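Visitor: I would love a close look at one part of this protein. Could you walk me through it slowly, and then show me how it fits with the rest?

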Amino acid sequence: MNNAVSTYLRGLFAAAMLILPVAAQAGQPFDATQFMQAQEAGKPILVEVAASWCATCAKQKPIIESLEASQPNLVVFEVDFDTGKDLLKRFNAPWQSTLIVYKGAAEIGRSTGETNPAAIRDLVAKAL
């Protein structure tokens, strides 16, 4: 590969890395204050309990990202299964790949281990 092409590709890659985190954000780390504010505003909320090593969580991720992109009012919070033990107790979520849906302060539904896109969309739709 010649130097001009290599330089162009490096620049393209660098530009993509600046854009991708915004476009492909899969939720935000759980924040109690933001969660409470979303509940008080009556927003649809999805709490995603995930682990970096979890194959099921990896299958859920693009489905959740798609929902976020198509439902701008949906607020997604991530709880790290390995480091958020206090949150696991708070949400009564003993397993990774748990999805919990709220409409405001009310829990509307939950699932664990679901990877069927239609089933996850139906779960989230209950809060919309």
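Visitor: Which elements are included in what covers the buried residues of α5?

Guide: Happy to take you there. This is a predicted model, and the cover over the buried residues of α5 includes β2, α3, β4 and β5 (106-112).

Let's begin with the helix itself. Helix α5 spans residues 117-125, and its buried residues are I120, L123 and V124. These residues lie on the same side of α5, because the arc they cover around the axis is only 95°. At the N-terminal end of α5, N116 acts as a cap. One of its side-chain oxygens sits 2.8 Å from the backbone nitrogen of A118.

Now step back to the whole chain for a moment. The protein chain has five helices and five strands, and from the N terminus they follow the order α-β-α-β-α-β-α-β-β-α. Of the 128 residues in the chain, 37% are buried. Among contacts between residues at least 6 apart in sequence, 67% join residues at least 24 apart. The chain exposes about 7,500 Å², with carbon and sulfur atoms supplying 58% of that area.

Two of the covering elements, β2 and α3, are worth a visit for their charged side chains. K61 in helix α3 (residues 55-70) and E48 in strand β2 (residues 44-50) are 13 residues apart in sequence. Their side chains meet in a salt bridge, 3.0 Å from N to O. E48 counts as buried because its relative accessible area is 0%, and the cut-off for buried is under 20%. K61 also pairs with E78, and there too the closest N and O atoms are 3.0 Å apart. E78 lies in strand β3 (residues 75-80), so this pair ties together parts that are 17 residues apart in sequence. Unlike the buried E48, E78 is partly exposed, at 29% relative accessibility.

The structure holds three salt bridges, and one of them is between R110 and E107, with the closest N and O atoms 2.8 Å apart. R110 is partly exposed, with a relative accessible area of 32%, and E107 is partly exposed at 39%. As for shared partners, salt bridges join E48, K61 and E78 into one network. Side chains of opposite charge can pair when their charged atoms come close.

R110 also leads us to another residue, A93. A93 is found in the loop between α4 (85-90) and β4 (98-103), and it counts as buried because its relative accessibility is 1%. Beyond its neighbours within four places in sequence, A93 is in contact with R110, and also with V49, L88, T98 and I100. From A93 to S111 there are 18 residues in sequence and 9.9 Å in space, C-alpha to C-alpha.

One last thing to keep in mind as you turn the model is how confident the predictor is. The mean pLDDT of the protein chain is 85, and 80% of its residues reach 70 or more. Residues 5-25 are another matter: pLDDT stays under 50 there. For that stretch, the model has seven contacts beyond four places in sequence. Where pLDDT is low, the predicted coordinates should not be read in detail.

Terms used:
Residues numbered from 1 in each chain as written. Heavy atoms only, no water. pLDDT = per-residue confidence, 0-100. Contact = heavy atoms within 4.5 Å. Helix = DSSP H or I, 4+ residues; strand = E, 2+ residues; numbered from the N terminus. Buried < 20%, exposed > 50% of the residue type's maximum accessible area, 1.4 Å probe, protein only. Areas by Shrake-Rupley, 256 points an atom, 1.4 Å probe, with all protein chains shown as cover. Salt bridge = Lys/Arg side-chain N within 4 Å of Asp/Glu carboxyl O. Arc of directions from axis to C-beta. Polar contact = N/O pair within 3.5 Å; in protein donor to acceptor, adjacent residues only side chain to side chain.
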